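Visitor: Before we look at charged pairs and accessibility, could you walk me through the reasoning behind each label?

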Amino acid sequence: MIKREMTITNNIGLHARPATFFIQKANSFKSSIWIEKDDRKVNAKSLLGVLSLGIAKGMVVTLVADGQDENDALDGLINLVQSGLAE
């Protein structure tokens, strides 16, 4: 299991369309992936879970992955967020 912090840089955070891109990317990996914000931890492959965190621009979240492709999963998700999530 590995953890990495990530700052949300796109203008609207992980809401609606950007969250969908994030979840689609998370689902492309075999590892279990979670997002931690404050005292909450949700499945990064769940749209409802991700949206429930209310992640906005500038917030720092922790990504946690556990599985055979955990490094690739976190690298891919962080790169997606840093690219602006198709905004």
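Guide: Let us begin with a term: a residue counts as buried under 20% relative accessible area, as exposed over 50%, and as partly exposed in between. The model shown here is a predicted one.

Visitor: Why is Arg4 called partly exposed?

Guide: The relative accessibility of Arg4 is 26%, and partly exposed is the term for values between 20% and 50%, so Arg4 is placed in that class.

Visitor: What makes the contact of Arg4 and Asp75 a salt bridge?

Guide: The nitrogen of one side chain and the oxygen of the other are 2.4 Å apart, and the definition asks for a distance within 4 Å, so the pair qualifies. Because Arg4 belongs to strand β1 and Asp75 to helix α3 (residues 70–82), this salt bridge ties together parts 71 residues apart in sequence. Asp75 is likewise partly exposed, with a relative accessible area of 35%.

Visitor: How do you know that Lys3 and Glu36 form a salt bridge?

Guide: Their closest N and O atoms are 3.9 Å apart, and since the cut-off is within 4 Å, the pair is counted. It links distant parts of the chain, with Lys3 in strand β1 (residues 2–7) and Glu36 in strand β2 (residues 32–37).

Visitor: Is Lys37 buried or exposed, and which class does Asp38 fall into?

Guide: Lys37 has a relative accessible area of 14%, which is under 20%, and is therefore buried, whereas Asp38, at 72%, is over 50% and counts as exposed. The two side chains meet in a salt bridge at 3.7 Å, N to O.

Conventions
Residues are numbered from 1 along each chain as its sequence is written. This is a predicted model: local features need pLDDT of at least 70, side-chain atom pairs count only at pLDDT 80 or more; totals for chains, interfaces and linings use all residues. Side-chain values use heavy atoms; hydrogens and water are left out. Helices (H or I, at least four residues) and strands (E, at least two) are DSSP runs, numbered from the N terminus. Buried means under 20% relative accessible area, exposed over 50%, partly exposed in between (1.4 Å probe, protein chains only).
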